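Biologist: Could we go through this model together before I start making figures from it?

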Amino acid sequence: MKKRGGPAGLILKNGYVLASWGDTRRVDMTFSVTKSFLSTVAGLAADRGLIRSVDDPVSEYIWDGTFAGEHNSGITWSHLLQQNSDWTGSLWGLHDWADRPPREGGIDDWKHRELRTPGTVMEYNDVRVNVLAYVLTHLWRQPLPRVLKEELMDPVGASATWRWFGYDHAWTVVDGLKMQSVTGGGHSGGGIFISAEDMARFGLLFLSDGSWEGEQLLSPGWIEQAVSPSAPNPNYGFMWWLNRPGSRQWEGVPESVYYAAGFGGNFIVVCPEQDLVMVLRWLEPSRIGEFVGKVFEGI
C-alpha cells in the first residue's frame, strides 16, 4: 500500500497538453486501472502467438491444476479478460468467493454457491484477475513488469518511477527462477504504482491504435477486441470500461469513448474520435461522467 497524493490530472488533445493540475509526476496507486495494463500484457502475448486464440481454454496452456475440473477447464482467455469466467478456487490464500461476496447469505452459501456457465455472468473479482496474472507469468516465462517495461513502457518513453507489485507471498517458480506474480488491482494491496504522466503515455498508445513513433507496439486488432462489449455486460470489454448503452453510460459523451478505472477515482479516458486522452487521479468517482461531459462541452 502507499499513502495517496492530492488530486492531479492531464487533458491531452492531438498529442498536446491542454490542461494539467496537481503533481502529475507523483507516483500513486492506481488500483483497478492495473487491470487494463494486465489485459494489454495478454494482448502482447496474443500478438506474438503465445496465445493462439482468446477462445482457447486456458487449461491448454497451464497444467498445474489451476484450471482442473469440469467447470474451470472450460474457461477461456476471453472469459478471464471479460471477468465472466466464474473461476472457482483459491490463489495466494484468497478464495474466489471471499472477494466482494454477495450481501445476502453467509459463508456456507458463498462456498457452496451454484457455478455459472463461463461467459454468461460478469462478476468483478480480483482473485480471478490475479489468476490471469499468474497464468500470464507462466506463459511469458518472465515477470510481467519486465514484459510491460520492455515491450511498451520503455518504447513510449515512460519514466523509471512506475512499479508493479504483487502480494509479499505471491511467488512462483518458472524455469528454475523464482518470480513474483503481480496483482491486477489493489483490492488487497499491490498493483501498478504510477504517475499521471506515465498513465497518459499508455492512454496515447491506445489512442494511436498501438503505434508509437512509427513502431507498432500493440496490434490494432487487439485493441479492437479489447474495447468490444462482452455478452453479459455491454459496458465492459477486455478489462476496459466502455461508454456503450448500459448502466454505466455517460450522458452526452460519444459511445466510442472507453476508459480504465480504479478505486478512489483513478481514470485513463480514451476518446478516439476527438483525439483526446484524459488522466484523472483522485476524482470523486461519481463525478467522472460529469467531468468528461464538461470537457467535451469545452472543446
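Modeller: Gladly, and one definition first, since the strands come up early: two strands are said to pair if DSSP finds at least two bridges between them. Please also keep in mind that this is a predicted model.

Biologist: OK, then what does the hairpin of E13 and E14 look like, and which residue there has a positive phi?

Modeller: Three residues lie between the two strands of that hairpin, and Gly 264 is the one with a positive phi, near 85°. Strand E13 (residues 258-262) and strand E14 (residues 266-271) run antiparallel and are joined by five bridges, and one of the bridge pairs is Gly 262 with Asn 266 in E14.

Biologist: And on the other side, how many bridges join E12 to E13?

Modeller: Two bridges join strand E12 (residues 241-242) to E13, and these strands are antiparallel as well; Leu 242 has Tyr 258 of E13 as its bridge partner.

Biologist: Is E13 enclosed or open, judging by how many of its residues are buried?

Modeller: Five of the five residues of E13 are buried, so the strand is largely enclosed by the rest of the structure. In a regular strand, side chains alternate between the two faces of the sheet. In E13, Tyr 258, Ala 260 and Gly 262 point one way while Tyr 259 and Ala 261 point the other way, and both groups are buried.

Biologist: What's the strand order in the sheet that holds E13?

Modeller: The order is E2-E1-E15-E14-E13-E12, an open sheet of six strands with antiparallel pairing. Strand E2 (16-21) and E12 stand at its edges with a single partner strand each, so one side of each has no neighbour in the sheet.

Biologist: What about the three-strand sheet, which order does that one have?

Modeller: That is another open, antiparallel sheet, with the order E3-E9-E6, and its edge strands, strand E3 (28-29) and strand E6 (163-165), each pair on one side only. E6 runs antiparallel to strand E9 (residues 191-194), with three bridges between them, and Phe 165 has Gly 191 in E9 as its bridge partner.

Biologist: Switching to helices, which residues of H8 are buried?

Modeller: In helix H8 (residues 288-298), the buried residues are Ile 288, Gly 289, Val 292, Gly 293, Val 295 and Phe 296. They cover an arc of only 160° around the axis, which puts them on the same side of H8. In an α-helix there are 3.6 residues a turn, so residues three or four places apart point the same way.

Biologist: What covers that buried set, and which residues are exposed on the other side?

Modeller: The cover over the buried residues of H8 includes strand E1 (8-13), E14 and strand E15 (276-281), while Lys 294, Glu 297 and Gly 298 are exposed on the other side of the helix.

Biologist: Now the core, which residues touch the most other members in the largest one?

Modeller: The largest nonpolar core has 91 residues, and Trp 77, Val 269 and Met 278 are the ones that touch the most other members. Helix H4 (residues 126-140) gives the largest share of this core, 10 residues. Another core of five residues lies apart from it, and Val 27, Met 29, Phe 31 and Trp 282 are among its members.

Biologist: What does Trp 77 touch, leaving out residues up to four places away in sequence?

Modeller: Its contacts include Ile 51, Val 54, Val 58 and Tyr 61, and also Leu 132, Val 135, Leu 136 and Leu 139.

Biologist: Any odd backbone angles, say, what is the phi of Phe 31?

Modeller: Phi of Phe 31 is near 55°, which is positive in a residue other than glycine; Phe 31 sits in the loop between E3 and helix H1 (33-47). Its relative accessible area is 12%, and because buried means under 20%, that value places it among the buried residues.

Biologist: And Glu 213, buried or exposed?

Modeller: Glu 213 counts as exposed, at 78% relative accessibility. Glu 213 has a positive phi too, about 50°, although it is not a glycine, and its place is in the loop between strand E10 (211-212) and strand E11 (215-216).

Biologist: Last one, how many helices and strands are there in the chain, and how compact is it?

Modeller: The protein chain has eight helices and 15 strands. Its radius of gyration is 19 Å, close to the 19 Å that the globule rule gives for 299 residues, so the chain is as compact as a globular protein of that length. Buried residues make up 54% of those 299.

Conventions. Residues are numbered from 1 along each chain as its sequence is written. This is a predicted model: local features need pLDDT of at least 70, side-chain atom pairs count only at pLDDT 80 or more; totals for chains, interfaces and linings use all residues. Side-chain values use heavy atoms; hydrogens and water are left out. A nonpolar core is a set of buried Ala, Val, Leu, Ile, Met, Phe, Trp, Tyr and Cys residues joined through side-chain atoms within 4.5 Å. Buried means under 20% relative accessible area, exposed over 50%, partly exposed in between (1.4 Å probe, protein chains only). Helices (H or I, at least four residues) and strands (E, at least two) are DSSP runs, numbered from the N terminus. Contact means heavy atoms within 4.5 Å. The radius of gyration is taken over C-alpha atoms; the globule rule is 2.2 Å times the number of residues to the power 0.38. The arc is that of the directions from the helix axis to the C-beta atoms.
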